[in-house]
Amino acid sequence: STQLFADSVERVGWMASKFEVQQLVSIAWSFARVAFRSQRLFGVVSDEVVSRQLPLEPTEINRLVWAFAYPGKPTEERTGRAGGIRKPDLLAHIANQAKQKMQRLDT
């Protein structure tokens, strides 16, 4: 239900500092998957990942990028008209994490 997600935004904000990276990624992915756009929720997730410099595994990178790129209707994903939520600091952190993962492949 939409109300459940609306009620969860505030709770996530209060508890975000206690969540592990996998939980934060799952929250963002879940909100995006049901097309519940919440700048506040995505802002909280972004701020936590960036401020705590949380390490991201490849699956977490994938899910987080998808969640921020398509936090809307599934049809937007298929048509390529997704609005996305842009968080430059988060994108920089994700890029850095991906680069580190790629460097490990070279060794």
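Visitor: Taking helices as DSSP runs of at least four residues (H or I) and strands as runs of at least two (E), numbered from the N terminus, how many of each are there in the protein chain?

Guide: In this predicted model, the protein chain holds six helices and zero strands, and reading from the N terminus the elements follow the order α-α-α-α-α-α.

Visitor: And what's the average pLDDT of the protein chain?

Guide: The mean pLDDT for the protein chain is 86, and 85% of the residues score at least 70.

Visitor: Which element has the lowest mean pLDDT, and which the highest?

Guide: The lowest mean among the elements belongs to helix α5, residues 74-79, at 54, while helix α3, residues 39-51, has the highest, at 95. Where pLDDT is low, the predicted coordinates should not be read in detail.

Visitor: Let's go to α3, then. At what angle does α3 pack with α2?

Guide: The angle between α2 and α3 is about 155°, and their axes lie 10 Å apart. Angles over 145 degrees count as roughly antiparallel, and α2 and α3 are therefore roughly antiparallel to each other. The crossing of α2 past α3 is left-handed.

Visitor: Which residues meet there?

Guide: From α2 come Leu24, Ile27, Ala28, Phe31 and Ala32, and they meet Leu41, Phe42, Val45, Glu48 and Val49 of α3. By class, the residues of this contact of α2 with α3 comprise nine nonpolar, no polar and one charged.

Visitor: What about α3 and α6, how do their axes cross?

Guide: The axes of α3 and helix α6, which spans residues 88-105, come within 9 Å and cross at roughly 45°. That angle falls in none of the parallel, antiparallel or perpendicular ranges, and α3 and α6 are therefore oblique to each other. Here too the crossing is a left-handed one, with α3 passing α6. On the α3 side the contact is made by Ser46, Val49 and Val50, and on the α6 side by Asp89, Leu90 and His93. The residues of the contact of α3 with α6 divide into three nonpolar, two polar and one charged.

Visitor: Ser46 caught my eye. Is Ser46 buried or exposed?

Guide: Ser46, which sits in helix α3, has a relative accessibility of 4% and counts as buried, because that value is under the 20% cut-off.

Visitor: And what does Ser46 touch, leaving out residues up to four places away in sequence?

Guide: With those neighbours set aside, Ser46 touches Phe68, Lys87 and Leu90. Leu90 is also one of the α6 residues in the contact with α3.

Visitor: Changing topic to the backbone, which non-glycine residue has a positive phi of about 65°?

Guide: That is Ala35, which has a positive phi of about 65° although it is not a glycine. Ala35 lies in the loop between α2, residues 21-33, and α3, and with a relative accessible area of 29% Ala35 is partly exposed. Gln53, likewise not a glycine, has a positive phi of about 45°.

Visitor: Where is Gln53?

Guide: Gln53 is in the loop between α3 and α4, the latter being residues 58-69. With a relative accessible area of 47%, Gln53 is partly exposed, because partly exposed covers values between 20% and 50%.

Visitor: Last one, about the whole chain: what share of the residues is buried?

Guide: Of the 107 residues in the protein chain, 37% are buried. As for contacts between residues at least 6 apart in sequence, 70% of them join residues at least 24 apart.

Note on methods. Residues are numbered from 1 along each chain as its sequence is written. This is a predicted model: local features need pLDDT of at least 70, side-chain atom pairs count only at pLDDT 80 or more; totals for chains, interfaces and linings use all residues. Side-chain values use heavy atoms; hydrogens and water are left out. pLDDT is the predictor's confidence in each residue, from 0 to 100. Buried means under 20% relative accessible area, exposed over 50%, partly exposed in between (1.4 Å probe, protein chains only). Axes are lines fitted to C-alpha atoms, for helices over the stretch in contact, and angles run from 0 to 180 degrees between N-to-C directions. Angles under 35 degrees count as roughly parallel, over 145 as roughly antiparallel, 65 to 115 as roughly perpendicular and the rest as oblique. A crossing is left-handed if the near helix is turned anticlockwise from the far one by less than a right angle, and right-handed if clockwise. Contact means heavy atoms within 4.5 Å. Ala, Val, Leu, Ile, Met, Phe, Trp, Tyr, Cys and Pro count as nonpolar, Asp, Glu, Lys and Arg as charged, and the others, Gly among them, as polar.
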